[in-house]
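Me: I'd like to learn how to read a protein model by eye. Can we go through some features together?
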Amino acid sequence: MRKRLFSILLAQCMVLCLVPTTAFAESETEETPVCTCETACTEETMNAECPICGAEGALAENCGKYVEPAAEGEESQLEGEKTQEKQDSDMPDTQSEATLAQMSGEGENGIAVQSAGVAIDNTNFPDANFRSFVASSFDEDNDNYLSDTEINAAENINCAKKGISDLTGISHFTALKSLKCFNNQLTALDVSKNTALTYLDCDYNQLTALDVSKNVALTKLHCWGNSLTKLDVSKNTALTSLDCGANQLTTLDVSKNTALTYLDCRSNQLTALDVSKNTALTDLACRSNQLTALDVSKNTVLTYLNCYANQLTALDVSKNTALTYLDCRSSQLTALDVSKNTALTYLDCGNNQLTSLDVSKNTALTDLDCRNNQLTSLDISNTDMSGLDCDGNIYQIVVGNDRTFDLSTLPGNFNVAKTSDWSGGTVSGNTLTVDSDQDSVTYKYDCGKNRRRTFTLKCVKSADYTKVDEAIKKANALKKDNYKDFTAVETAVKSVVRGKSITEQSEVDAMAKAIEDAIEALQYKDADYTKVDEAIAKANALNKDDYKDFSAVESAVNAVVRGKNITEQSEVDAMAKAIEDAIAALQYKEKPKICKGGKEVKISNGAHEMRIHGKSYGTFTFAWVNDKAGWSIQNADGKYLSFDNGKLVLRDTAYVWKYDAKFYTTTEEKTSSGWGWWGWWGRPSTKVTNWYLVGDGTDLSISKSDTNADVKLYDAMESTEHSFGKWTPAEDGKHTRTCTICGATETGDCTYENGACTVCGALDPDNASVSVSATVTKRTSGGGGWWWWNRPTTTTWEARITATGTGVDIDKVEYSDDGKHYLTGTSFTSDTEITKFYIRVTDSKGNVTNWLYENGKVTQK
């Protein structure tokens, strides 16, 4: 026994000799200041003895014992939990079981051999304060080694407020479930190896990043008071409590943390927060952020909501019927409905823009702070009120030139009978008359529960709404159905807010301008062109060549102007009527005649084609019935050829001809003669019966020949080619020619060369021009002779004018000596010398040109 004890002692001495002396040295690192307050500081009472709270410019919120304001007589669940945790953290953790001996066996001489472990040295634990903490807390045998047993026994570590700046070595504690390292100087924290961790509190450090993606078992995470700019908790789906307030977070995604019951993300830089998936939430603190909206409609079990100091303009808590604590002060709320929150005991809605507040359904309410709003009245008679603050409520009223105001128009449930102690004005009934030298009026209001509170009415002069009223009048005079979209005008009119003060004149003027701008931007509806389109479609369906003159229809169609608006509907309807009228006035051309000189073509019973002027009129089946009935047409579609009550009907696209279908026969006997073996005598005669269909004076016929009872059928008359005359010029760059047989006309376009059409010789109108020349000749007669007397000498002057046209003909030439009175002609004479005269030429297009002859030259004027 003695030998065994000696061996153990010897082994321990050998181990101790190997331990560095520095392991026993007292850390000389400077201690980081920590809060020493025993009670929470307030803004009025800061602990000057505390190195944190006594520092210049220190805030109450930096105090380690700071407690979020709660309902009077009731500690907030949210803050109570945080405070209790910090108090508990000051107590050292106890190990759940005793450290086992490190001796695992004996060597050859009975000397015990030490098992492997983690040395508590500068390499594994570089921070002296943490190293000292580990040694004192977990090295049960004081051998400066952490055995596996000692490591596995460390499930809870509380190293808060130890001045630790580096927690390297925490990764060795793989069995760690709870880590409290708050109030240190940590700038980094690696817990990636501590996968069993369920609780992490690293509040009040200097962390700029925190990775908990490997800590999927976490149920509580507190990282308050660091410098985190982002935090990813998407892998921590077991989280029930998350405290990440007082950081620099701009976003926070808790959509995967559906088990959360407690969320504190206040004092960050969040602009949005989605808690719609966190339906188990009971406590939510998101105050002092930059939220413009907050939807808590899915958080129906919420009992605590602190969202003050945001930028909320609306807050709906109608689904949060379990709510007992609500702090929404210092936002931009203009209305708040708490009628469904009957369990509410604490409500702070101060420093908003509320004009009314109804707490008649909040019978459990004990504390209400609604100061610095725009309330004019308050009724707390149905509540259990013990604390009420509604100071600083000022509501602006607009008074007219008579300094009066109708109190019945005040918002909420204002009751003039509950008022007293009016100052700055007098009240008669519901009429307030403001003193001429006052710009505000105060009064006391009976709020119930023996509480009378002071409210203020700030008086301002009314803005000028003249321009607004004029713009509205203009809008009302418009017929909205004439415009494509009138909603902008209606919206601008509905957006007018009455009761603005003279200091808000620019806003009132902006309302008027908005209406005027909306009116200016109106666009008329398009006119309805349905009738025009129908008329054009009808015109396009016509064959213009079937009518004598189709130009009126074309002109009416071409005259259509698109893009008219609804106010010009009558003009559009007139366009449609012009087309319809032009169509109604159309006259068919005369029935074309069928050319003479047709030929018979032998056919048999069956289908044959009818062609006239080279145009097919369809295929018909002809059959001979008998001598009396004549011809029949079988299987005809009736489109072109048919028999109708004894008339043969021929249909073309636009014409219908009916011919008297009268059959007649002629019989002729033909006898041929010749020389036969019996001599010169006649051969037997041949009887031929001809059948004719008489066609009303035309030569359309169907004939039948019967020779010796041998029936032969022949086609109808097939027309010969037209026999056209010469091309003659027509108007509009065209020329025509006429068939000498049937009178059919053909039209073609002129092709010009050298100023004239190569077909009809018509002059090119696009190159039309007129040239004029003139000559003056002096003529002398008489004088001299072989007679003894002399004849008198006579001198005259003769002017000759030549006018030629290119592309046009010359219709008339006129001359004048004064440019005012013209005579028709191409020459004239004068007894005096002709040095100047005027010429006027009219061409075949009706164009008139003026010319001047002067001193032998002709120039166009």
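Me: Let's start with a pair of strands. Which residue of strand 48 is the bridge partner of Val841?

Reply: Strands of a sheet pair through backbone hydrogen bonds, either parallel or antiparallel. Here the bridge partner of Val841 in strand 48 is Thr849. Keep in mind that this is a predicted model.

Me: How many bridges join strand 47 to strand 48, and which way do they run?

Reply: Seven bridges link strand 47 (residues 836-843) with strand 48 (residues 848-854), and the two run antiparallel. Both belong to an open sheet of five strands, in the order 45-44-47-48-49, with antiparallel pairing. Strand 45 (823-824) and strand 49 (857-860) stand at the edges with a single partner strand each, so one side of each has no neighbour in the sheet.

Me: What sits between strand 48 and strand 49?

Reply: A loop, and Asn855 is found in it. Here's a backbone point to check. Most residues other than glycine have a negative phi, and most peptide bonds are trans. Asn855 has a phi near 55°, a positive value in a residue other than glycine. As for its surroundings, Asn855 counts as exposed because its relative accessibility is 62%, and the cut-off for exposed is over 50%.

Me: Which residue in strand 19 has a positive phi too?

Reply: That's Asp421, which lies in strand 19. Its phi is positive, about 55°, although Asp421 is not a glycine.

Me: Where does strand 19 fit in its sheet?

Reply: At an edge: strand 17 (394-399) and strand 19 (419-423) are the edge strands, and each pairs on one side only. The sheet is an open one of four strands in the order 17-23-22-19, with mixed pairing. From one strand to the next, the twist averages 30°. Strand 19 and strand 22 (residues 440-448) run antiparallel and are joined by three bridges. If you want a pair to look for, Thr419 stands opposite Tyr445 in strand 22.

Me: Now helices. Why would I expect helix 7 to span 22 Å?

Reply: Count the rise per residue. Helix 7 (residues 505-520) has 16 residues, and at 1.5 Å a residue they should span 22 Å; the end C-alpha atoms are 22 Å apart, which agrees.

Me: And which residues of helix 7 are buried?

Reply: First the general idea: an α-helix has 3.6 residues a turn, so residues three or four places apart point the same way. In helix 7 the buried residues are Gln505, Val508, Met511, Ala512, Ile515, Ala518 and Ile519. Looking down the axis of helix 7, you find these buried residues within an arc of 165°, so they line one face of the helix. On the other side of helix 7, Ser506, Lys513 and Glu520 are exposed.

Me: What covers the buried residues of helix 7?

Reply: The cover includes helix 5 (466-476) and helix 6 (487-494).

Me: How about single residues: is Leu388 buried or exposed?

Reply: Relative accessible area is the number to look at, and buried means under 20%. Leu388, in strand 16 (residues 387-389), is buried, with a relative accessible area of 14%. Leaving aside neighbours within four places in sequence, Leu388 is in contact with Leu368, Leu378, Ile380, Arg451 and Arg453. Leu388 and Cys370 are 18 residues apart in sequence, with 8.1 Å between their C-alpha atoms.

Me: Where is Thr345, and how accessible is it?

Reply: Thr345 lies in the loop between strand 13 (325-327) and strand 14 (346-348). Thr345 counts as buried because its relative accessibility is 18%.

Me: What about Tyr752, and which residues does it touch?

Reply: Tyr752, in strand 40 (residues 752-753), counts as partly exposed at 27% relative accessibility. Not counting residues up to four places away in sequence, Tyr752 touches Gly733, Cys757, Ala762, Leu763, Asp764 and Pro765. The C-alpha atoms of Tyr752 and Asp764 are separated by 6.2 Å, although these residues are twelve apart along the chain.

Me: Last one, zooming out: how many helices and strands are there in the protein?

Reply: There are ten helices and 49 strands. Of the 861 residues, 39% count as buried. The accessible surface comes to about 47000 Å², and carbon and sulfur atoms make up 48% of that surface.

How values were computed: Residues are numbered from 1 along each chain as its sequence is written. This is a predicted model: local features need pLDDT of at least 70, side-chain atom pairs count only at pLDDT 80 or more; totals for chains, interfaces and linings use all residues. Side-chain values use heavy atoms; hydrogens and water are left out. Buried means under 20% relative accessible area, exposed over 50%, partly exposed in between (1.4 Å probe, protein chains only). Accessible areas come from the Shrake-Rupley method with a 1.4 Å probe; for residues, only the protein chains shown count as cover. The expected span of a helix is 1.5 Å times one less than its number of residues. The arc is that of the directions from the helix axis to the C-beta atoms. Contact means heavy atoms within 4.5 Å. Two strands pair if DSSP finds at least two bridges between them. Axes are lines fitted to C-alpha atoms, for helices over the stretch in contact, and angles run from 0 to 180 degrees between N-to-C directions.
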